[in-house]
Amino acid sequence: MSTDGGGAGDLADGWARVCDAGQLAERGDGVRFEIAARGGPIPAFVLRIDGQPLAWLNQCAHVPVELDWTPGRFLDDTGTVIVCATHGAVYDASDGVCVGGPCRGKSLQAVPCRERDGEIEVQATVVKSER
Ligand code: FES
């Protein structure tokens, strides 16, 4: 299901809604969304790790392609690492640092994220959310 998350009403204090908090399961599938940037929308995603929502741009640090194996599937079976579907770079899911693969030592680009009033919000202009 798609919902539009854009609009000035979402940005009264610089934060915009991505999805309902209940849609993010602990170490489950992520919610994909897009944020506005110069040059056009950039894909991003949010996961719940150790109870906290964590958001990053959906761009591998090796080559800026999307990371997920199937839409929203970022984590491996252990739920501890994000694995790039293209060449297998492995990122620590708690901090986005690449711990294995061709971009070891680099990091995913974080998007400021919070949970408030039952919603997941990011400090960016959300132009599209997939939930
Ligand atoms: S594009 Fe992600 S590891 Fe190469």
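Begin by selecting Phe45, Val46, Ala55 and Val111: within the largest nonpolar core, which has 34 residues, these four touch the most other members. The model on the screen is a predicted one. Next, colour the strands β1 (16-20), β2 (31-35), β3 (42-49), β4, β5 and β10 (119-122), since each of them supplies at least two residues of this core. As a general background, nonpolar side chains tend to be buried together in soluble globular proteins.

Now keep Val111 selected and display its contacts. Setting aside neighbours within four places in sequence, Val111 is in contact with Ile35, Ala44, Ala55, Trp56, Leu57, Val122 and Ala124. Ala55, one of these contacts, is also among the four residues selected at the start.

**The strands around β10**

Move to β10 and select β1 together with it. In which sense do β1 and β10 pair? The pairing is antiparallel and extends over 4 bridges. Within this pair, select Arg17 and find Glu121 in β10, which is its bridge partner.

Then add strand β9 (residues 113-116) to the selection. β9 and β10 also run antiparallel, and 4 bridges join them. Here Arg114 stands opposite Glu121 in β10. Glu121 is therefore a useful residue to keep labelled, because it is the partner of Arg17 and stands opposite Arg114.Follow the chain from β9 into β10: this hairpin has 2 residues between its strands, and Asp117 takes a positive phi near 55° there.

**The sheet β5-β6-β7**

Turn next to the open sheet formed by 3 strands, in the order β5-β6-β7, with antiparallel pairing. Which strands stand at its edges? Select β5 (81-83) and β7 (98-100): each has a single partner strand, so one side of each is left without a neighbour in the sheet. Looking across the sheet, neighbouring strands are turned by 40° against each other on average, direction ignored.

Select β5 and strand β6 (residues 90-92) to examine one pairing. The two strands run antiparallel and are joined by 3 bridges. Ile82 can be labelled here, with Tyr91 as its bridge partner in β6.

**The loop before β5**

Finally, select Thr78, which lies in the loop between β4 (52-57) and β5. Is Thr78 buried or exposed? Thr78 has 8 other C-beta atoms within 10 Å, and a residue with 12 or fewer is counted as exposed. To end the tour, add Arg27 and draw a distance between the two C-alpha atoms: Thr78 and Arg27 are 51 residues apart in sequence and 8.7 Å apart in space.

Methods: Residues are numbered from 1 along each chain as its sequence is written. This is a predicted model: local features need pLDDT of at least 70, side-chain atom pairs count only at pLDDT 80 or more; totals for chains, interfaces and linings use all residues. Two strands pair if DSSP finds at least two bridges between them. Axes are lines fitted to C-alpha atoms, for helices over the stretch in contact, and angles run from 0 to 180 degrees between N-to-C directions. A residue is buried if 20 or more other C-beta atoms lie within 10 Å of its own, exposed if 12 or fewer, and partly exposed in between; C-beta atoms are placed from the backbone. A nonpolar core is a set of buried Ala, Val, Leu, Ile, Met, Phe, Trp, Tyr and Cys residues joined through C-beta atoms within 7 Å. Two residues are in contact if their C-beta atoms, placed from the backbone, lie within 7 Å.
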